[in-house]
Amino acid sequence: MRLTGQIHVSLKGSIIQRNPTLWERLKRGFGATVDLDTDRLRVELEATAVVDQVRRALGQLGIGNALSLVIDDTVIFQDTDGKPDDLPDLVLALSEHAAVFGRGFQELRFAAEHEEVGLHLVIETRARTEHADDEPTGIISVGGRVQDLEPRAGESADDYRRRVEPLAKDPALFEAARLQFESFVGRLEGALKAAMPEARVEHHHADARVVHAPAGDGAAAQQPSSPTQPGYDPFLVYYPPSPLGMMLDVMLISSFMHMMMPPHVMFVTPAGMPLGTAQEAAANPELLNAAAPGTDGADDAGDADDAGDTDAGGDDGDPWGDDGGGLDDGGFDGDLGDFGD
């Protein structure tokens, strides 16, 4: 089960103007007024200020474990050793680059992780100095997992199934995890509002999801790479998906479909397109057929025009898209520097 949430942060900026055409230059020469405004904004941000504000918000929640900091094409910090409470190390690394990024950047990505009441959480902040006027300046994405449902080191598939199968039949476990996650996202929103009084901080969503990927569906291997995509999960950026995760999804779907009172969980396609709640799917199993290969549901879920670039292999012009990286036992498998346009 995936716990995913987002908080959007918007700051005031100035409208970016385009270069005038030759005809527009001539018109201006004769005193005419020419509108050169575009639909994009430029926000004056300093990397040190952004990191400091988010760090203070995280500190209010007792979060001090940094994962990475990437600014434009430069990896400023990454937790390759799995060191706990290393947020001060990230701040120190950024101070050493203040001369380069103190006056601005194009994109900043700052990730931390936290463990709380049986949940393992990844909090990723991404901010851009230029963006469309209908988009937020920053997106704080939260991805979480129930620790008891995660594979353990050296655990075989059979051992994992035997250990997790009884847990999958306990709806109270999932309801408690969902409520705890919603509480965390709400508290994070409040902390960000206190740390960023000049910004508009808005809760976007916080929910529990189970991915339904039918056998033979090639989309199952795809992971949305942009926080503006419906299926984006920062947890999978820093912790690559385990094959046992698909086994867990199958067990949960089977279990929830046979419960009298299933938990409040949404079934989604791998691209994040909703298929229905567990309650709705239990009452009408045909809802899950919308994700089957060759159906309209699969076409819609894979359509970049509808879902916002569901192909994790590239960003298709999405400024928030990136190839991501992987964190395995504290080490990154991918190059986090490759995430720009």
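Arg163 is buried in this predicted model, its relative accessibility being 17%. Its salt-bridge partner is Glu155, and the closest N and O atoms of the two are 2.8 Å apart. Glu155 has a relative accessibility of 18% and therefore also counts as buried, the limit for that class being under 20%.

**Salt bridges**

Side chains of opposite charge can pair when their charged atoms come close. The structure holds 15 salt bridges. Three of them are set out in the table, with the N to O distance and the relative accessibility of each partner.

| Pair | N to O distance | Relative accessibility |
|---|---|---|
| Arg163 and Glu155 | 2.8 Å | Arg163 17%, Glu155 18% |
| Arg187 and Glu116 | 2.5 Å | Arg187 32%, Glu116 12% |
| Arg55 and Asp52 | 2.6 Å | Arg55 27%, Asp52 30% |

The side chains of Arg187 and Glu116 meet in a salt bridge of 2.5 Å, N to O. Arg187 belongs to helix 6 (residues 171-195) and Glu116 to strand 6 (residues 107-116), so this pair ties together parts that are 71 residues apart in sequence. Arg187 is partly exposed at 32% relative accessibility, whereas Glu116 is buried at 12%.

The salt bridge between Arg55 and Asp52, at 2.6 Å between the closest N and O atoms, lies within one element. Both residues are in helix 2, and because they are three residues apart there, about one helical turn separates them. Arg55 has a relative accessible area of 27% and is partly exposed; Asp52, at 30%, is partly exposed as well. A third residue joins in: Asp52, Arg55 and Arg56 are linked in a network of salt bridges.

Arg55 also has a spatial relation to a residue further along the chain. Pro88 is 33 residues away from Arg55 in sequence, and the two C-alpha atoms are 9.6 Å apart in space.

**Cavities**

Rolling a probe the size of a water molecule over the atoms shows where empty space is left. In this structure there are two cavities of 30 Å³ or more.

The largest cavity holds about 120 Å³ of space. Its lining is made up of 14 residues, and those nearest the centre are Val9, Leu11, Val50, Ala127 and Met196. Helix 2 (47-60), strand 7 (119-128) and strand 9 (138-146) each supply at least two residues of this lining. Helix 2 gives the most, with three residues. Helix 2 is also where Arg55 is found. By class, the lining of the largest cavity has nine nonpolar, four polar and one charged residues.

The second largest cavity has about 60 Å³ of space. Its lining consists of Arg2, Thr4, Arg209, Val211, Gly231, Tyr232, Asp233, Val268, Thr269, Pro270 and Gly272. Strand 1 (2-10) and strand 10 (200-211) each supply at least two of the lining residues. Four of the residues lining this second cavity are nonpolar, four are polar and three are charged.

**Nonpolar surface patch**

Leu22, Trp23, Leu26 and Phe30 make a nonpolar surface patch of about 560 Å². Trp23 sits in helix 1 (residues 22-29). With 60% relative accessibility, Trp23 counts as exposed, because the class begins at over 50%.

**Positive phi values in loops**

Two residues other than glycine are described here for their backbone angle: Asp85, with phi near 50°, and Val117, with phi near 45°. Both values are positive. Asp85 is in the loop that runs between strand 5 (74-78) and helix 3 (87-95). Asp85 is exposed, at 60% relative accessibility.

Val117 lies in the loop between strand 6 and strand 7. Strand 6 is the element that contains Glu116, the partner of Arg187, and strand 7 is one of the elements that supply at least two residues to the lining of the largest cavity. Val117 is exposed, with a relative accessibility of 66%, whereas Glu116 is buried.

Key
Residues numbered from 1 in each chain as written. Predicted model: local features only at pLDDT ≥ 70, side-chain atom pairs only at ≥ 80, totals over all residues. Heavy atoms only, no water. Patch = residues over 30% accessible without salt bridge, like charges linked within 9 Å, V, L, I, M, F, W, Y side chains within 5 Å. Areas by Shrake-Rupley, 256 points an atom, 1.4 Å probe, with all protein chains shown as cover. Salt bridge = Lys/Arg side-chain N within 4 Å of Asp/Glu carboxyl O. Helix = DSSP H or I, 4+ residues; strand = E, 2+ residues; numbered from the N terminus. Buried < 20%, exposed > 50% of the residue type's maximum accessible area, 1.4 Å probe, protein only. 1 Å grid on protein atoms, 1.4 Å probe; cavity = no way out; pocket = protein on both sides within 12 Å on 5 of 7 lines; lining within 4 Å. Points joined across faces, edges and corners; volume = space filled by probe spheres on them. Nonpolar A, V, L, I, M, F, W, Y, C, P; charged D, E, K, R; others polar.
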